[in-house]
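User: I would like a close look at one part of this structure: its salt bridges. Please walk me through them residue by residue, and set them in their surroundings.

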Amino acid sequence: MTSPSPRSRFARVDPPPLKGGGAIESNTLVAPLTPKGGRGVGERGTKDILRKHAKRMRSDQTPTEHRLWQILRGKRLAGYKFKRQLPIDRYIVHFACPKQRLIIEADGGQHAESMRDVRRDAYLRSHGFRVLRFWNSDIFDNEEGVLTSILSALEEPLSPTPLPRGERG
């Protein structure tokens with residue numbers, strides 16, 4: 001049985017890794033690979049991509065998102081703090097009140113009967129979030145009803161946050 005070469009445990013990294021964990025072999029910087037599920041270079045890259053995409057979405061919002069944000073921003077809705085285009089795990093949500101674990105989505109016609117939205121909502125709910133979806137037309141045509149629904153959800157008592165998968169009893 002031969003032992004793996006030291007180089008096979010390393011991956012080429014450009015730019016160099018943050019603190020520690022690197023070695024120099026023949027003028028090439030290499031960093032140790034992390035086990036699957038660890039905080040490796042790829043995971044950091046995914047978070048950076050999500051963060052950049054969320055920033056771009058904040059500056060390029062739809063008229064419906066802009067209207068709803070004018071109501072929610074700056075604790076204007078009953079003193080609740082909202083964030084917009086917030087990355088949560090692998091998703092970016094339109095609006096979120098993290099303290100109340102409430103997510104608000106403004107949907108256009110492309111979201112009608114979307115299985116992707118069903119899976120996304122199930123994932124977010126499994127992590128203790130409540131998700132409200134409103135059609136774009138409702139936000140403009142029935143603003144008072146939308147705001148009443150949001151306030152009602154904000155005032156509901158929170159259920160206990162589920163434990164991560166590895167800690168469930």
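Analyst: What follows starts with the chain as a whole, then takes the salt bridges in turn, and ends with some neighbouring details.

Keep in mind that this is a predicted model. The protein chain has five helices and seven strands. Read along the sequence, their order is β-β-β-α-α-β-β-β-α-β-α-α. The chain counts 169 residues, and 30% of them are buried. Its accessible surface comes to about 11700 Å², with 54% of that belonging to carbon and sulfur atoms. Of the contacts with a separation of 6 or more, 52% join residues 24 or more positions apart.

Now the charged pairs. The structure holds six salt bridges. Side chains of opposite charge can pair when their charged atoms come close.

Take R67 and E143 to begin with. Their side chains meet in a salt bridge, at 2.9 Å from N to O. R67 sits in helix α2 and E143 in helix α5 (residues 143-155), so this bridge ties together parts that are 76 residues apart in sequence. How buried or exposed is R67? It is partly exposed, with a relative accessible area of 29%. E143 is also partly exposed, at 25% relative accessibility.

Next comes R133, which takes part in a network. The side chains of R133 and D117 form a salt bridge of 3.6 Å, N to O. This pair links distant parts of the chain: R133 belongs to strand β7 (residues 130-135), D117 to helix α3 (residues 115-126), and their positions lie 16 residues apart in sequence terms. D117 is buried, at 8% relative accessibility. R133 is partly exposed, with a relative accessible area of 25%.

The side chain of R133 also meets that of D121, at 2.9 Å from N to O. Again the pair links distant parts of the chain, with D121 in helix α3 and R133 in strand β7, 12 residues apart. D121 is buried, with a relative accessible area of 8%. The cut-off for buried is under 20%, so D121 falls on the buried side. R133, at 25%, lies above that cut-off and therefore counts as partly exposed.

Which residues make up the network? D107, D117, D121 and R133 are linked in it by salt bridges.

Back to helix α2, which carries R67. W69 lies in this helix as well. W69 is buried, with a relative accessible area of 13%. What does W69 touch, beyond its neighbours within four places in sequence? Its contacts there are Q61, F82, K83, R84 and F95. One of these partners, F95, is 26 residues away along the chain. The C-alpha atoms of W69 and F95 are separated by 8.0 Å.

After helix α2 (63-72) comes a loop that runs to strand β4 (83-88), and K75 is placed in it. K75 has a phi near 55 degrees, a positive value in a residue other than glycine. Strand β4 itself holds Q85. Q85 has a positive phi too, about 45 degrees, although it is not a glycine. Is Q85 buried or exposed? It counts as buried, at 3% relative accessibility.

To sum up the bridges: R67 in helix α2 pairs with E143 in helix α5. R133 in strand β7 pairs with D117 in helix α3, and D121 in helix α3 also pairs with R133.

Definitions and conventions
Residues are numbered from 1 along each chain as its sequence is written. This is a predicted model: local features need pLDDT of at least 70, side-chain atom pairs count only at pLDDT 80 or more; totals for chains, interfaces and linings use all residues. Side-chain values use heavy atoms; hydrogens and water are left out. Helices (H or I, at least four residues) and strands (E, at least two) are DSSP runs, numbered from the N terminus. Buried means under 20% relative accessible area, exposed over 50%, partly exposed in between (1.4 Å probe, protein chains only). Contact means heavy atoms within 4.5 Å. A salt bridge is a side-chain nitrogen of Lys or Arg within 4 Å of a carboxyl oxygen of Asp or Glu. Accessible areas come from the Shrake-Rupley method with a 1.4 Å probe; for residues, only the protein chains shown count as cover.
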